[in-house]
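Biologist: I'd like to learn how to read a new structure. Could you walk me through it?

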Protein chains: 2
Amino acid sequence: MRRLDDGTSYREPFDQLVYATGAGPRRLEVPGADAQGIYGVATLADGLRLREVVERERLERVAIVGGGYIGIEMAEAFVARGLAVALVELGPQVMGTLDPDMGALVSAALREAGVEVYLGERVTGFQAASGRVRAVETDRRTLPADLVVLGVGVQPRTELAARAGLPLGESGAVRIDDRMRTGIPGVWAAGDCAETFHLVSRRPAYIPLGTTANKQGRVCGINIGGGYARFPGVVGTAITKFGQTEIARTGLNEREAQALGFEYGVARIEDRTRARYYPDSARIVVKLLAEKGSGRLLGAQIVGGPGAGKRIDVVATALHAGMRVDEFMHLDLAYAPPFSPVWDPLLIAARKLAEQV
Amino acid sequence: MRRLDDGTSYREPFDQLVYATGAGPRRLEVPGADAQGIYGVATLADGLRLREVVERERLERVAIVGGGYIGIEMAEAFVARGLAVALVELGPQVMGTLDPDMGALVSAALREAGVEVYLGERVTGFQAASGRVRAVETDRRTLPADLVVLGVGVQPRTELAARAGLPLGESGAVRIDDRMRTGIPGVWAAGDCAETFHLVSRRPAYIPLGTTANKQGRVCGINIGGGYARFPGVVGTAITKFGQTEIARTGLNEREAQALGFEYGVARIEDRTRARYYPDSARIVVKLLAEKGSGRLLGAQIVGGPGAGKRIDVVATALHAGMRVDEFMHLDLAYAPPFSPVWDPLLIAARKLAEQV
C-alpha cells in the first residue's frame, strides 16, 4: 500500500480482500489529444467540472466523439443548453448495442434535434490554438469545436489484478463466480472491473453497468460477512434516452445471436405507447428475437417516445424465465387507454414473431 | 331471431355460433333512480352523451356512485373540467380490487384533488325536482347534485345463455375452455359475458376487461376458422389513473390470497419512480405478496406518480412464469436515472419480501 499524501509504503495484511477498481474511460491516442477543452465523463466530478466549464465560458460548438450511452446523453445535455453539437462515431451506427435498423432511429432523433451526426469516421487528431482545442479532425473532415467530449467506452481496471495473478476472463475483466469469488482464496471482486454471467448466452460477459455493479457489491458483502448470497447474472438490459426518444435493449441483438450461432426469427413492429386516440400517444418501435425451433425468446430492442423504454423490463423478465414467444404473446399486461393500446406493442411484436419461429 | 325494425321473427340455422353478449352495467334499485340526469357509462355512446350534457348544461356539482375503475376515471374527468365532485362508495375503500392500505392512497389522491369521498355509505335514493335529479341520498347524508354518474359494476349478460342451456360458471358468467368452447358442440363464447381462467389461483374467474375480451375474441375466431389457438388465461392485471396518480394490480391481493387459503408473506415499500435527484421523480408505493414456503409470487399492487403503473407488467410476467421472489429480486431491469433508481422499486420490494417467505 502507498500513502498518497506522503508517498510512503507499507504492507497491510488481510483476511478478505475485495478487488473493486471499476472501469476507466478509454482515451484516444491521436495527435493533440492532450489539448485543453477535451473532456472525458467517467465520474460525478467529471460531470460537475464539465457543467462549470459550459456555464463559465461562452461556447458555441461542441464535438462529441462516440455515439454510445455517454455520447447520446451528453448530446442531449448540450442540445438542451442551446449549443451546436456534432457527434462523430467510428462505427457505422450510433448505439452499437442495438442492431443497425434500430440504431438508425436514434440517429434520426439526433438529427431531428439539430445534431450533426457523422458515422463511420475515425478521429485522427485535434487542432489546438494556444493549447486549447479548436477542432476535431476525422478521416473525412475538420469539425470546429470549442469543447470536445469523449465517450469512446470504458475498460476494466485490471492492471493490478493481472500483476497479482487474479484470473481474468476472455473479456479482459476479472473472472468471478456467482458469489463474487475470484478463485484466489479470500479474494473477491465486484463491479465494473469484473465480468458477469449472461443468462441468455450462458457465457461470461463484460457489461459494466451501475445497477449490476451495485447488485454484485451487495452479494459480495453478504458473502464476506458470513452470509450466503448468489448473483445469477444479467440478461443484458440497458436503457437511455435522447430528449423524448427512449432507447432500450435486453438479451441478444441480431449480431450477438449470429455470433453465438443461434438460428433465430425476428419481428419488428411499429405501434403507439398509448391508445391512438389518447393525448400524448407516441410512436414505439419494438424488435423481438426468438430462437427457431424452440421458440425461446432471445432479446428485444425498443426505440420510442415517453413510456416506451421501460417496457423492456417485461422482456427482461421473460428472458430470466426462459419464456417462449408463444407463451409471451399471451401475457396479461396492463391495459387502459392512458397506458397502452388494447394489445401492448410487445404482444403485437410477439404475435408477429410467433408466426416465424 | 327477431328483426328489430319490423318486429318479425325467423329461424336462422348455424354451424358455429359465438355467444358474445358482453356485460351490462348494474343498476341501483332505489327510489328516484329513473330521474333525469342519472347516467351509466358502459358504451362509447354513453360517454359521448355525458360529455354533451356537461358541455351544454351549466353544471356545478356531480355525484359519482361507486369508487371502482369507472368511478375514479369519471372523477378525474369532472375534476379536470372544474366541477365539484362527490364520490360515494358502499364498501369501506375505493378501488376494491386493491387491499385497503393501497386503496387509502387512492382516496388520499382523490381528496387532495378536492373530491369529497364518502366510504361505507349506501345510496338509498335520489331526490328529483321536475323529474330531474337534485340530490343523492345515502344512509348518512344528502348530497346535492346536478348530475349523477353510476359506476357500480357490471354483470355478464347471460339471460339468453341460461335459457339456451349454456353451462354457466360459479361466477354466473358463461363457462368456457381455453379454446373458447362452451361445451355445447358448435357454440363458442368470448368476452365480457364469459369467464376466464386465473393462472395464479388456478380457477375460473370473472374479470371482464377489454384486453382479455379482445384476446379471447381472436382465439375464438382462429378456432372457428379451422385454426388452432388457445387462451391460457389471465393473472388479474389491471391499471387505471386518477390525475397524476397511477393505480395498478396483478395476481392476488391479500383478501383473495386469504380466501384461497394461501399462507403468504407481504412487503410494502415506498420509493421513487426515477433517481431521486432526477427531475420529475415521483413517489411510488409497491406492495408484493408471495407464498410462504415455496416463495412463489402471488401478486402485486402499485400506486404512484407517472411511470409507476406500467411496472406492474413485470410482476404479471413473473406470475405467468411462476417465478419465486428470490429469483425475482435478481431481475436485470433497466436502470438509468430518468427511468428508475439503481434498484428498481419492484426489486426493493422483492428484497424485503424475500426475508419473510
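Modeller: Let's go through the symmetry, the interface, a helix, the core and one tyrosine in turn. Keep in mind that this is a predicted model.

Biologist: How are the two chains related in space?

Modeller: In general, two copies of a chain are related by a rotation about an axis and a shift along it. Here, chain A can be laid on chain B by a turn of 180° and a shift of 0.0 Å along the axis, with an RMSD of 0.0 Å. The two copies are thus related as by a two-fold rotation axis.

Biologist: Which residue of chain A comes closest to the rotation axis?

Modeller: That's Val314(A), whose C-alpha is 2.5 Å from the axis.

Biologist: And how do I read the interface?

Modeller: The size of an interface is often given as the accessible area lost when the parts come together. Here we can count contacts instead: 36 residues of chain A are in contact with 36 residues of chain B. On the chain A side, helix H5 (210-224), strand E15 (238-242) and helix H7 (312-320) each give two or more residues. H7(A) gives the most, with seven residues. By type, this side divides into 22 nonpolar, nine polar and five charged residues.

Biologist: Why can we say that the copies meet through the same surface?

Modeller: Because 100% of the interface residues of chain A are also interface residues in chain B.

Biologist: Back to H7(A), then. How many of its residues are buried?

Modeller: Nine of the nine, so H7(A) is largely enclosed by the rest of the structure. The buried residues include Asp313(A) and His320(A) as well as Ile312(A) and Leu319(A). After the helix comes Gly322(A), with a positive phi near 65°.

Biologist: What about the nonpolar core? Which members touch the most others?

Modeller: In the largest nonpolar core, which has 209 residues, those are Val148(A) and Val148(B). Leaving aside neighbours within four places in sequence, the contacts of Val148(B) include Tyr39(B), Val65(B), Phe126(B) and Val136(B).

Biologist: Let's finish with Tyr264(A). Is this residue buried or exposed?

Modeller: Count the C-beta atoms around it: 20 or more others within 10 Å make a residue buried. Tyr264(A) has 21, so it is buried. Tyr264(A) lies in strand E17 (residues 264-272) of chain A. Not counting residues up to four places away in sequence, Tyr264(A) touches several residues, among them Ala257(A), Leu289(A) and Leu298(A). Gly293(A) is 29 residues from Tyr264(A) in sequence, yet their C-alpha atoms are 8.5 Å apart in space.

Notes: Residues are numbered from 1 along each chain as its sequence is written. Chains are lettered from A and ligands numbered from 1 in the order in which they are written. This is a predicted model: local features need pLDDT of at least 70, side-chain atom pairs count only at pLDDT 80 or more; totals for chains, interfaces and linings use all residues. A nonpolar core is a set of buried Ala, Val, Leu, Ile, Met, Phe, Trp, Tyr and Cys residues joined through C-beta atoms within 7 Å. A residue is buried if 20 or more other C-beta atoms lie within 10 Å of its own, exposed if 12 or fewer, and partly exposed in between; C-beta atoms are placed from the backbone. Two residues are in contact if their C-beta atoms, placed from the backbone, lie within 7 Å. Helices (H or I, at least four residues) and strands (E, at least two) are DSSP runs, numbered from the N terminus. Ala, Val, Leu, Ile, Met, Phe, Trp, Tyr, Cys and Pro count as nonpolar, Asp, Glu, Lys and Arg as charged, and the others, Gly among them, as polar. Copies are superposed by least squares on the C-alpha atoms of residues with pLDDT of at least 70 in both.
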